[in-house]
Amino acid sequence: MGAREALMSVLLAAALAACSGTPFEYHSQREIPAGPGLLTGESGAWVVFSDKKVKADPPPATAQSAAGEAAGDPGAELREFQEFRDFRRWKDTAKDTPEFREFQDWREWKAYRSWKERQPQ
Amino acid sequence: MTKSALKPLLLSAAVASALAVLAAPAYALEAKISGQVNRAIMHADDGSNSEIFHVDNDHSSTRFRFVGSEDIGSGLKAGIVWEVEYQSNDSDQVTLVGAPGKSDTGTTFGERKMEVFFAGAFGQVTLGQGDGAMNGGIEVDLSGTQVIGYAGIGDLGGAIGFGGNSALTLRKVINQQDFESRYDRLRYDSPKLGPLTISISTGSSNSSTAAQNGLDIQEYGIWYSSNLGAAGTLAFAVGFSTKDLDTVTPGSGGDQETTGGSISWLHPSGWNVTFAISNVQNDAGKDSDFNYLKVGYKTGKHAFSADFGMGDDQVAVGDEAKHFGVQYVFAPNQAVDLYAGYKTLSLDRAGGVTFDDINILTVGSRIKF
């Protein structure tokens with residue numbers, strides 16, 4: 001058995017043996033490190049342009065949707081459903097990104113804040 | 001309706017549908033700049049000459065990167081990656097011969113990636129200058145010391161030659177043979193199949209030497225990374241590449257095929273082991289091999305390792321180059337690495353020809369800005 005065949009066998013065996021593991025994102029240390037930067041802070045990069053905040057700030061549209069809904073405007077409900085579909089698309093494409101992890105952290109913080117408010121003073 | 005009228009109608013309908021998808025409102029556009037600086041002091045000694053160099057550490061060169069991406073609807077994301085390295089005194093270019101006193105290779109501004117990509121449930125398609133499907137496949141490493149020591153032994157002192165001979169440099173006698181590096185290509189990465197990703201690429205080589213430029217390349221491989229819980233973390237890659245040596249000069253010699261891979265295991269205790277192997281079969285020349293083993297230990301912000309590498313027949317049949325090194329990295333946070341490493345290399349040739357060992361000591365720091 002040549003070196004090629006031996007290597008293939010070992011690696012395939014390792015793959016089969018390790019199929020029960022949970023995936024993680026391997027990041028070579030030779031690439032620009034993931035995570036915060038010395039000057040760029042938590043984001044690890046200078047954001048040149050982002051409209052994510054605009055998309056993430058739906059209060060005017062949402063308020064309009066809610067108001068419209070309260071006033072019996074069927075279009076408002078459709079708009080809110082469209083925003084929900086946008087959110088689901090974003091969730092599908094944003095997995096494993098820092099933004100998604102920040103979203104998860106934010107949800108945890110909200111749950112923690114609710115719990116804290118319920119605690120006796 | 002006749003068949004001749006139906007076909008253009010169907011084509012028009014298909015184009016209109018595609019345009020309707022592409023014209024869907026854009027979502028979540030973001031563009032960012034990031035980068036790093038990596039500087040080191042390197043002392044090299046080939047038995048006859050020695051020198052202290054101030055270098056840019058080619059293990060992870062000084063670079064900046066501009067990335068942008070946008071959700072374009074229908075579950076698709078489009079983006080660009082533009083990454084450039086800018087090195088003053090590249091650590092794999094400095095030599096101990098030439099003008100006395102100091103070897104200064106000057107400042108080099110080099111392309112790394114200039115690519116566009118489209119990603120979705122189907123996986124990712126990338127077009128442009130960038131990593132071939134198996135670039136880094138011989139270099140998978142969980143030790144935490146890659147910034148100062150890894151399978152790419154020639155990245156520090158790569159241009160220093162045994163006996164001062166430029167035909168016997170470290171990069172030539174003990175090269176990790178990591179497939180085809182970066183080139184102009186079309187690449188496809190499958191969606192994650194559990195811990196596995198399948199990657200393929202096809203393109204054309206970039207090289208400063210005419211004989212190696214514009215060669216047709218194909219690469220195939222598998223990438224694996226998994227958290228095994230109490231058993232630790234495992235990552236490996238295995239693949240194959242072929243380069244058509246006849247592309248530019250017909251009749252020059254058939255194909256060059258590279259097979260190889262690497263595997264790295266990190267136990268929860270911090271102990272880790274890495275192994276890499278590659279084999280090149282060259283129709284126009286000779287075959288050659290590379291083997292590499294590293295054992296390391298990570299604890300808190302510290303990582304230690306020792307590695308051993310061997311290159312066989314890489315310049316001439318009968319050549320046996322050996323490397324032994326030790327490495328230490330202190331990472332006070334995710335943005336900063338402080339490191340030190342020492343390595344010694346030897347070369348034995350057919351007929352009992354030997355040379356003085358080459359010894360290199362390096363101390364430096366990499367900071368992500």
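**Exercise 1. Determine where in chain B the pLDDT stays under 50, and how the chain scores overall.**

Solution. In this predicted model, pLDDT, the predictor's confidence in each residue from 0 to 100, stays under 50 over residues 1-26 of chain B. For that stretch the model has 9 contacts beyond four places in sequence, two residues being in contact if their C-beta atoms, placed from the backbone, lie within 7 Å. Where pLDDT is low, the predicted coordinates should not be read in detail. Next, take the whole chain: chain B averages a pLDDT of 90, and 90% of the residues score at least 70. Finally, the model as such scores ipTM 0.85 and pTM 0.78.

Residues are numbered from 1 along each chain as its sequence is written, while chains are lettered from A and ligands numbered from 1 in the order in which they are written. Local features need pLDDT of at least 70 and side-chain atom pairs count only at pLDDT 80 or more, whereas totals for chains, interfaces and linings use all residues.

**Exercise 2. Set out the secondary structure and burial of each chain.**

Solution. Begin with the elements, which are DSSP runs numbered from the N terminus: helices (H or I, at least four residues) and strands (E, at least two). Chain B has 2 helices and 18 strands; chain A has 5 helices and 2 strands, in the sequence pattern α-β-β-α-α-α-α. Then turn to burial, where a residue is buried if 20 or more other C-beta atoms lie within 10 Å of its own, exposed if 12 or fewer, and partly exposed in between, with C-beta atoms placed from the backbone. Buried residues make up 44% of the 369 residues of chain B, and 9% of the 121 residues of chain A.

**Exercise 3. Identify which residues touch the most other members of the largest nonpolar core, and which elements supply this core.**

Solution. A nonpolar core is a set of buried Ala, Val, Leu, Ile, Met, Phe, Trp, Tyr and Cys residues joined through C-beta atoms within 7 Å. The largest one has 30 residues, of which Met42(B), Ala44(B), Leu170(B), Val173(B) and Ile358(B) touch the most other members. The elements of chain B that each supply at least two residues include strand 1 (27-45), helix 2 (170-173) and strand 18 (358-368), and the largest share, 3 residues, comes from strand 1. As for Ile358(B), its contacts, not counting residues up to four places away in sequence, include Ala44(B), Leu170(B) and Leu345(B).

**Exercise 4. Explain why Gly239(B) counts as buried, and place it in its surroundings.**

Solution. Gly239(B) lies in strand 10 of chain B. It counts as buried because it has 25 C-beta neighbours inside 10 Å. Among the residues that Gly239(B) touches, beyond those up to four places away in sequence, are Ala133(B), Phe179(B), Tyr220(B) and Gly261(B).

**Exercise 5. Describe the contact between chain A and chain B.**

Solution. First, the contact takes 50 residues from chain B and 41 residues from chain A. On the side of chain B, the largest share, 10 residues, comes from strand 1. Lastly, consider pairing, for which DSSP must find at least two bridges between two strands: strand 1 (residues 22-23) of chain A and strand 9 of chain B pair in the antiparallel sense over 2 bridges, and Thr22(A) stands opposite Asn227(B) in strand 9.
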